[in-house]
Amino acid sequence: MPDFADYYEALAAAHRHVDPSVYLEIGVHEGHSFRLATSADLAVGVDPEMNLQFAAPDGARLFRETSDDFFASSADEVFADARVNLAFVDGLHHWDQTLRDFAHTERHSDERGCVLIHDCLPLDAETSARERTTVVWSGDVWKVVVWLRRHRPDLSVTTLDVAPTGLAVVTGLDPHRPVPVAADLDNDLWALDYDDVAESVGELLNVVPGTDDALALALAAAASS
């Protein structure tokens, strides 16, 4: 099976595999990835700076607000009778915010659902720095994978090697888990940078080839839960 050309292809494949009835995307921006949710009965998009350049899916509900505001004010109503089957987290590229987005998403997800997290495979020190200085920028989102693999052994966390900066696949969700607070965030992760992990990134982030077979295997944990 050939590699996915980029994370859009991997996300499109995830839609085919999961066929979600309820889809959530954090970080919609222009709608390149949000438009893939064509089969969802409900497709929820969240982004404070949303600027759609593509037609939204028929089942779309759009929220032009931060993810924190959405989960605090709207999510309980939106997902009251509809649990998330597939989510794509691509918001602010800071690991603490991304972890919070994941945790809030998990609380509204089906136990057999899947959360995809973009930008989890750092390329180099500059593009994976916490503050943006480059056009391609993944930020320090990769630290979410480290935290989840440390503290949530109940989850299956796999990082697909897809261009440009990887895609984490998280299954085995538990909607009853509390959202981590500041005290739960490991002190050493704040100081950790690319140079500290460059030689061990594959093992640290459980990196697998960016292929449909690898994606299907990563999703299998959700199907069997």
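In this predicted model, start with R61, which is partly exposed at a relative accessible area of 32%. Its side chain meets that of E77 in a salt bridge, with N and O 3.4 Å apart. E77 belongs to helix α3 (residues 75-78) and R61 to strand β3 (residues 60-63), so this contact ties together parts that are 16 residues apart in sequence. E77 is partly exposed too, with a relative accessible area of 49%.

That's one salt bridge; the structure holds nine of them. Another one pairs R150 with D186, and here the closest N and O atoms are 2.6 Å apart. Look for R150 in helix α5 and for D186 in the loop between β7 and α6 (187-191); the two sit 36 residues apart and link distant parts of the chain. Are the two partners buried or exposed? R150 is partly exposed, with a relative accessible area of 39%, while D186 is buried at 13%. The cut-off for buried is under 20%, so D186 falls on the buried side.

Now find D140, which forms a salt bridge with R130, the closest N and O atoms being 3.1 Å apart. Both residues lie in the loop between β5 (109-118) and α5 (142-151), ten residues apart. D140 is buried, with a relative accessible area of just 3%, whereas R130 is partly exposed at 26%. These two also have company: D96, R130, D140 and K143 are linked in a network of salt bridges.

Next, the aromatic rings. There are seven aromatic pairs in total. In one of them, F70 and F79 have ring centres 6.1 Å apart and planes at 85 degrees, so the pair is edge-to-face. Both rings belong to buried residues: F70 has a relative accessible area of 0%, and F79 has 2%. Together with F63 and F71, they form one aromatic cluster. Elsewhere, a charge meets a ring: R35 lies over the face of F54, 4.0 Å from the ring centre.

Finally, check out some backbone oddities. Most residues other than glycine have a negative phi, and most peptide bonds are trans. D19 has a positive phi of about 50 degrees even though it isn't a glycine, and you'll find D19 in the loop between α1 (7-18) and β1 (22-26). N206, also not a glycine, has a positive phi near 50 degrees. N206 sits in the loop between α8 (201-204) and β8 (207-209) and is partly exposed at 29% relative accessibility. Where is the cis peptide bond? It joins A163 and P164, with omega about -5 degrees. P164 lies in the loop between β6 (156-161) and β7 (167-171).

Terms used. Residues numbered from 1 in each chain as written. Predicted model: local features only at pLDDT ≥ 70, side-chain atom pairs only at ≥ 80, totals over all residues. Heavy atoms only, no water. Helix = DSSP H or I, 4+ residues; strand = E, 2+ residues; numbered from the N terminus. Buried < 20%, exposed > 50% of the residue type's maximum accessible area, 1.4 Å probe, protein only. Phe/Tyr/Trp six-rings, centres within 6.5 Å; stacked < 30°, edge-to-face > 60°. Lys NZ or Arg CZ within 6 Å of the ring centre and 35° of its normal. Salt bridge = Lys/Arg side-chain N within 4 Å of Asp/Glu carboxyl O.
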